[in-house]
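Subject: Structure for you to look at

Hello,

Here is the structure I said I would pass on. Please open it beside this email and follow along; my notes come after it.

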Amino acid sequence: MARFLIVGGFLAVIFWVFSIVDVCVQPADRHRGVSKTAWVLIVILLPVIGGILWFWIGRRRRGEKVTDFVTGPDDDPAALRRMSTAEQDARIRQLEEELARLDDETDGTDTKS
């Protein structure tokens, strides 16, 4: 039993040090949630649990998108610049027609006494 505790403790220390080094060497855009400094503190103050949290939640994988928020084409200025004026006018007409259709549908189902 004592050997198990010694080996387990040794493995925990190795994992703890590896986690601290991994947090420190990752570029800032590979961190999720909180800042790099906060992750270092989490891993140092919560030795094994902090390392598990880092690898499970905090570390962004290679190829994973950096942005967590996706904007629609109507809210993206770059997409609007790429659209011609005719395309923008057609999109506005389409959205107005959808809105009018939705208003007509809700007007017919509203049965207040």
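Read from the N terminus, the elements of the protein chain follow the order α-α-α-α-α. That makes five helices and zero strands. Please keep in mind that this is a predicted model.

Some overall values come next. The protein chain has 113 residues, and 14% of them are buried. Its accessible surface is about 9,100 Å², and carbon and sulfur atoms hold 65% of that. Among contacts in the chain with a separation of 6 or more, 55% are between residues 24 or more positions apart.

Now to helix 3, which spans residues 47-58. Which of its residues are buried? They are Gly50, Gly51, Trp54 and Gly58. These residues lie on the same side of helix 3, because the arc they cover around the axis is only 100°. What does this buried set pack against? Its partners are helix 1 (2-25) and helix 2 (36-45). On the face turned away from the buried side, helix 3 carries Ile49 and Trp56, which are exposed.

Trp54 also appears in the largest nonpolar core. This core consists of six residues, and the other members are Ile20, Val23, Trp39, Val40 and Val43. At least two core residues come from helix 1, and at least two from helix 2. Helix 2 contributes the most, with three residues. As background, nonpolar side chains tend to be buried together in soluble globular proteins. For one core member, Val40, the contacts beyond four places in sequence are with Val23 and Cys24.

The last residue to look at is Asp22, in helix 1. Is Asp22 buried or exposed? Its relative accessible area is 8%, and buried means under 20%, so Asp22 counts as buried. The side chain of Asp22 makes a polar contact of 2.8 Å with the side chain of Trp54. Leaving out residues up to four places away in sequence, Asp22 touches Trp54, Phe55 and Arg59.

If you want one place to begin, select Trp54. Trp54 is one of the buried residues of helix 3, belongs to the largest nonpolar core, and is joined to Asp22 by the polar contact described above.

Regards

Technical notes
Residues are numbered from 1 along each chain as its sequence is written. This is a predicted model: local features need pLDDT of at least 70, side-chain atom pairs count only at pLDDT 80 or more; totals for chains, interfaces and linings use all residues. Side-chain values use heavy atoms; hydrogens and water are left out. Buried means under 20% relative accessible area, exposed over 50%, partly exposed in between (1.4 Å probe, protein chains only). Helices (H or I, at least four residues) and strands (E, at least two) are DSSP runs, numbered from the N terminus. The arc is that of the directions from the helix axis to the C-beta atoms. Contact means heavy atoms within 4.5 Å. A nonpolar core is a set of buried Ala, Val, Leu, Ile, Met, Phe, Trp, Tyr and Cys residues joined through side-chain atoms within 4.5 Å. Accessible areas come from the Shrake-Rupley method with a 1.4 Å probe; for residues, only the protein chains shown count as cover. A polar contact is a pair of N or O atoms within 3.5 Å; within protein, one must be able to donate a hydrogen and the other to accept it, and residues adjacent in sequence count only if both atoms are side-chain atoms.
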